[in-house]
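Biologist: Could you take one part of this model and go through it slowly, staying with the residues and the helices around them? I would like a connected account rather than a list.

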Amino acid sequence: MKMAALCSEFGDLVEIKKQLISVISLCKERGLLHSAKWASELAFALDPLPKDEVPPSPPFTEEDAKDLDALTLAKSYFDLKEYDRAAYFLKDCCSQKAYFLYMYSRYLSGEKKKDDETVDSLGPLEKGQVRNEALRELRVELTKKHTAGELDGFTLYLYGVVLRKLDLLKEAVDVFVEAIHALPLHWGAWLELSNLVTNIEMLKSLSLPDSWIKDFFMAHMYTELQMIKEALQKYQSLIEAGFSKSTYIISQIAVAYHNIRDIDQALALFNELRERDPYRIDNMDTFSNLLYVKSMKPELSYLAHNLVEIDKYRVETCCVIGNYYSLRSQHEKAALYFQRALKLNPRCLGAWTLMGHEYMEMKNTSAAIQAYRHAIEVNKRDYRAWYGLGQTYEILKMPFYCLYYYRKAHQLRPNDSRMLVALGESYEKLSQQVEAKKCYWRAYSVGDVEKMALLKLAKLHEQLNESDDAAQCYMLYIQDIFSCGEQLEHAEVSTALRYLGQYYFTNKFYDEASLCAQRCCDYNDAREEGKALLRQISQVRDPVETPSADLFAPLSINTTPVRRVSPLNLISFTP
């Protein structure tokens, strides 16, 4: 039913293309270039319109005609970033278009002065100290107009931006919703609203217009809120509705796969994106993160050189170069490039988080904490920054702080085993063993990407002298490691075999103890203990005893292991 509803909503792609062409023109006239670019990319993905279907230019009012000369002059200054000059020539104009450009020029002038002051006098970690001095005046003037009901969709959007910059977030949300109702096709307003939505309950409570663009917003929000399954379904339905050629949708699907650590799928999509749009810089910082994780040094080097040739002063380019130097363990150079990215855009979330990682590598914990805190200021939903803060306080041996930040990360990524293992370690350090056990078992249940949860759980049971539970976890751990088809670098199979050998020996399962001891001899760190155990077994073994081949009973996914261990058939665990 949902698919049918979506298809009917997107049934008239010709009408959607007309709307996109109209809004592109409106955004360009007002200097809203990112919204114009987004709409242009979407329009390009749809079939061309016949000549008689191309929409006419927007209607021209008496006020527009009166302001035409001043507006044309001011727009030329605006395009050259002479914002004060543009505002000066627009101050006596009365049309809606001129008023928006007048207020927007004043806003951008304040932002430019703020950024110049920041670059001149401060490092990127102190950016929060500098303010846009124009914001308060703009708020007073826009509030008067808003109360009088004189703001159109674009000016409502600007009013929302001013309120957000002044940290009046609740008011900003209401104004952005109003802006979207007044002008549903302005993507910039949807994006600004998305940055203020903190959870799914808040998203559901918003009163949004029933427009086709809402589906793009919902898909974007699902990605932001880590509801990746829902996001992928939404993007797939958009592709089926007629947007299959959209590079924007391909990039968003790639980002979604990156967020759930499906690295191969994400890499394939980014490579397809590069083929379709070889000069694209948007999202290439995310692509570089994937190449970094896979340690693909030649590919990352090629990407960095390629982006430098296209535009070396883009935020994404600086982040890619930073990742390249980080992969080469040149952490000072990496941090320098992330700082450059932040000079270009102080609200670049990825650069703050990555810079925190570099300071961690350089053992500069105070700078790392500052960087992660800035990342959270930009976006409270960034689980990497919360997780990074937890790691930093772990280094500083402050487990209560660790627990707080790991909890925040876990709330944002409830099914990420890394967050659960980190939480378990924090509980363990605080001697809250019951909570630690729950975290480790939950990490195993949701799919332990690092194969560490069972090992930590087994060691915890071992410390608490819960030998049956420890043995059960060690057995599951061995199964888990060998079922991967490859020996993981950190695998502590010898530790598990050593414990199981002693456990079976104590419980007089001599055949199983003998198998474990023999397998211990395959590992350098357990060879001597394995040989000693074999000698002990040969001394006490009952020649009449027959080995049991039963595997341990299956475990319920919602509980911690039960205290019942049957002998282990190690023959099936050959690596």
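Modeller: I will begin with a helix pair, in which the axes of helix H18 (residues 315–327) and helix H19 (residues 331–344) come within 8 Å and cross at roughly 170 degrees. This is a predicted model, and what follows should be read as a description of that prediction. Since angles over 145 degrees count as roughly antiparallel, H18 and H19 are therefore roughly antiparallel to each other. On the H18 side the residues that meet the partner helix are Val-315, Cys-318, Cys-319, Ile-321, Gly-322, Asn-323, Tyr-325 and Ser-326, and on the H19 side they are His-331, Lys-333, Ala-334, Tyr-337, Phe-338, Arg-340, Ala-341 and Leu-344. Sorted by class, this contact of H18 with H19 comprises 10 nonpolar, 4 polar and 2 charged residues.

Within that pair, Cys-318 deserves a closer look, being a residue of helix H18. Its relative accessible area is 3%, and because buried means under 20%, Cys-318 is buried. Leaving aside neighbours within four places in sequence, Cys-318 is in contact with Lys-312, Tyr-337, Arg-340, Ala-341 and Leu-344; of these, Tyr-337, Arg-340, Ala-341 and Leu-344 are among the H19 residues that meet H18. A backbone distance can be added here, since the C-alpha atoms of Cys-318 and Leu-336 are separated by 9.1 Å, with the two residues 18 apart along the chain.

The record gives a further way to place this stretch. In an unreviewed UniProt entry, the annotation "repeat: TPR" covers residues 247–280, 315–348 and 349–382. Over residues 315–348 the chain of the model is 79% helix and 0% strand, with the end C-alpha atoms 8 Å apart. Over residues 247–280 the values are 79% helix and 0% strand, and there the end C-alpha atoms are 10 Å apart.

Following the chain onward leads to another helix pair, formed by helix H20 (residues 349–361) and helix H22 (residues 383–395), which pack at an angle of about 15 degrees with their axes 10 Å apart. Angles under 35 degrees count as roughly parallel, and H20 and H22 are therefore roughly parallel to each other. The crossing in which H20 passes H22 is left-handed. To this contact H20 brings Leu-349, Gly-350, Thr-353 and Met-360, while H22 brings Arg-384, Ala-385, Gly-388, Gln-391, Thr-392 and Ile-395. By class, the contact of H20 with H22 has 4 nonpolar, 5 polar and 1 charged residues.

Beyond H22 comes a loop that runs to helix H23 (399–412), and Lys-397 lies in this loop. Although Lys-397 is not a glycine, it has a positive phi of about 55 degrees. At 71% relative accessibility, Lys-397 counts as exposed. A comparable description applies to Asn-465, which has its place in the loop between helix H26 (453–463) and helix H27 (467–483). Phi of Asn-465 is near 60 degrees, again a positive value in a residue other than glycine, and Asn-465 is exposed, with a relative accessible area of 68%.

Arg-413 is also a loop residue, placed between H23 and helix H24 (417–429), but with a relative accessible area of 9% Arg-413 is buried. Apart from neighbours within four places in sequence, Arg-413 is in contact with Gln-226, Asn-259, Ile-260, Arg-261, Tyr-383, Arg-418 and Met-419. One of these partners, Ile-260, is 153 residues away from Arg-413 along the chain, and yet the C-alpha atoms of Arg-413 and Ile-260 are separated by 9.7 Å.

Two buried helix residues complete the account. Thr-286 is found in helix H16 (residues 284–293), and at 12% relative accessibility Thr-286 counts as buried. Once neighbours within four places in sequence are set aside, Thr-286 is in contact with Val-255, His-258 and Phe-270. Glu-111, for its part, has its place in helix H6 (residues 96–121), and at 12% relative accessibility Glu-111 counts as buried. With neighbours within four places in sequence left out, Glu-111 is in contact with Asn-132 and Lys-165.

Methods:
Residues numbered from 1 in each chain as written. Predicted model: local features only at pLDDT ≥ 70, side-chain atom pairs only at ≥ 80, totals over all residues. Heavy atoms only, no water. Helix = DSSP H or I, 4+ residues; strand = E, 2+ residues; numbered from the N terminus. Buried < 20%, exposed > 50% of the residue type's maximum accessible area, 1.4 Å probe, protein only. Contact = heavy atoms within 4.5 Å. Axes fitted to C-alpha atoms, helices over the stretch in contact; angles between N-to-C directions. Parallel < 35°, antiparallel > 145°, perpendicular 65-115°, else oblique. Left-handed = near helix turned anticlockwise from the far one by under 90°. Nonpolar A, V, L, I, M, F, W, Y, C, P; charged D, E, K, R; others polar. UniProt positions renumbered as here; feature names shortened; annotations may be inferred.
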